[in-house]
Amino acid sequence: MSLPGKKAPAGAGGIRRWLSTVVVSALALVLALVVISLSVGSPLPGASIHEYLTVRPSDPKGYDAAIDGKNSDAAIGVPLPGKELQGGQEPLAEHSDQSGTLNSSEASVNTREADDIVSDPAAVVNKILDPVVLDDATPKIEEGTIPGAPDSSNDSKRPDQGTCDLYRGEWVLDSSGPLYTNNSCPIITQMQNCQGNGRPDKDYENWRWKPEQCILPRFDGSKFLELMRGKTLAFVGDSVARNQMESLLCILWQVETPVNRGSRKWNRWIFRSTSTTIIRIWSSWLVHRSSEAVGIAPKGLDKVFLDIADETFMEYVPTFDVLVLSSGHWFAKRSAYILNGNVVGGQLWWPRQAGKMQINNIDAFGVSVETCLTALATNPNFTGIAVLRTFSPDHYEGGAWNTGGSCTGKVKPLDEVVRNGFTDTMYGKQVASFRKAVQNSGKHSSKLKLMDITEPFALRADGHPGPYRSPDPNKKTQRGPDGKPPPQDCLHWCMPGPVDTWNEMLFETIRREFEGDSS
């Protein structure tokens, strides 16, 4: 209808109908393009399919949140950082047909592969979870953590620690120098007397451990002897236990010369001013050992009875006020494992006709730790504390101690830990067994303390004798023309050196126990 006195332009209705048709056709074409794009997997120019299906998260760390199990977008494929998913493309990385784990360099360890040692793939460190199959029931694993290790971010989870974690911190140079010298201590084992054996550098003696939230006091020999007045401290275990015991004696020697009252059974030193006794007892595995034949295990082969604590030291336990335990490295030695009277496994020994082993050396180590600690805590005649010093890391590179491994040229602490599959797995197993022993011990669990040195000392590749194992002036200290390194020790510790810090940590652990101060 037109206004009065006016006529509509000729053909106006036809123009409007034509414009409506064009608009509808254009909209239909756009819709068709979108549908075709989604169905055939061809992205529209300048856009990814992800932009059409999901709302892009405002958090730039959306991928990390997915790994934490906090982002449901993981189920439909949040793209990897720096990448966009194309239509029909499977999210995330390619899977290995054999292992089911992600093919990623981040999932491997830098030295000995834990997969070669541990039968249980779950024990291998630093495996990366697949966000595609993650759900709320999947346990969160932080990058760089070790199976079974204590959570140092929450001290309340550590049954053995107070408000300050001694084992989380950094190494700092200390101009005050070492607590003694190789010339002021007469009992250093020659292989650990690095300066006496010609090592040219000395900075490895001058690094101190600085905890993040408190101060680790410099060792005061007089205060230690007073704290231990009338008491006995025993080091029990392998040659690394001897290394720590000699370090403590060297420190205390600067205050008072002790009297040697040792025997063939043990080393024993007495500080007469305070009637303080320092003892060392050899126990390779901390559990009973025999060379007699047991079942299929022949005579002459070491039999390790995993469920029987070593009577070599257990009979003297009631006389100890502090007991420091050291073990682990002997589980790489040739031996057979006995549990409940039966041969259940072995290391570098196992008859083919015996079928599959029930227990490997890693598991055997864990059982031995649990056995020993539980026996100590539940012994009604033992009223002292048992300190489990965690696995002492070695730093052989390019091989093992007997296959060309080397730590030559290390003159300062590492900037970051170089992951070692065997060390990480042994440490994780040891800490898990400590926790089991705490549970087994009930009201007696307060007797058990964990001295968690593994991670801090994994940084101290500079602290070993290396090729400086003897005073022989003709010894080889450099690689030969064939590139092979000379024989060396990258397991034990130079004296003076990092091992002295173990005793500062031990002193603080004892002080907290006897004085009731955890600050």
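These legends walk through several close-up views of one predicted protein model.

Residues are numbered from 1 along each chain as its sequence is written. Because the model is predicted, local features need pLDDT of at least 70 and side-chain atom pairs count only at pLDDT 80 or more, while totals for chains, interfaces and linings use all residues, and side-chain values use heavy atoms, with hydrogens and water left out.

**View 1. The whole chain holds 10 helices and 13 strands.** Helices (H or I, at least four residues) and strands (E, at least two) are DSSP runs, numbered from the N terminus. Of the 519 residues, 48% are buried; buried means under 20% relative accessible area, exposed over 50%, and partly exposed in between (1.4 Å probe, protein chains only). Among contacts with a separation of 6 or more, 73% link residues 24 or more positions apart, where contact means heavy atoms within 4.5 Å.

**View 2. Strand 9 (residues 322–326) is covered on both faces.** In a regular strand the side chains alternate between the two faces of the sheet. Here V322, V324 and S326 are buried on one side, and L323 and L325 are buried on the other. Which strands pair with strand 9? Strand 3 (residues 232–237) runs parallel to strand 9 and joins it over 5 bridges, and strand 12 (residues 385–389) is also parallel, with 4 bridges. Two strands pair if DSSP finds at least two bridges between them. Look for L323: its bridge partner in strand 3 is A234, and L323 stands opposite A386 in strand 12.

**View 3. Four strands form an open sheet in the order 7-8-10-11.** The pairing in this sheet is mixed. Strand 7 (287–290) and strand 11 (342–347) stand at the edges with a single partner strand each, so one side of each has no neighbour in the sheet. From one strand to the next, the twist averages 30°. Strand 8 (residues 303–309) and strand 10 (residues 335–339) run parallel and share 3 bridges, and F305 stands opposite I338 in strand 10. Helix 7 (residues 361–377) lies across strands 7, 8, 10 and 11, at about 35° to strand 8. For these angles, axes are lines fitted to C-alpha atoms, for helices over the stretch in contact, and angles run from 0 to 180 degrees between N-to-C directions.

**View 4. Two loop residues other than glycine have positive phi values.** L286, in the loop between strand 6 (276–282) and strand 7, has phi near 70°. N340, in the loop between strand 10 and strand 11, has phi near 55°. Is each one buried or exposed? L286 counts as buried because its relative accessibility is 2%, whereas N340 counts as exposed at 63%.

**View 5. Helix 8 (residues 421–441) is mostly covered.** Of its 21 residues, 15 are buried. At 1.5 Å a residue, helix 8 should span 30 Å, and its end C-alpha atoms are 30 Å apart, which agrees; the expected span is 1.5 Å times one less than the number of residues. N420 caps the N-terminal end, with a side-chain oxygen 3.0 Å from the backbone nitrogen of F422. After helix 8 comes G442, whose phi is positive, near 55°.

**View 6. A cis peptide bond joins M495 and P496.** Omega is about -5° at this bond. P496 sits in the loop between helix 9 (454–457) and helix 10 (499–515).

Definitions and conventions
A polar contact is a pair of N or O atoms within 3.5 Å; within protein, one must be able to donate a hydrogen and the other to accept it, and residues adjacent in sequence count only if both atoms are side-chain atoms.
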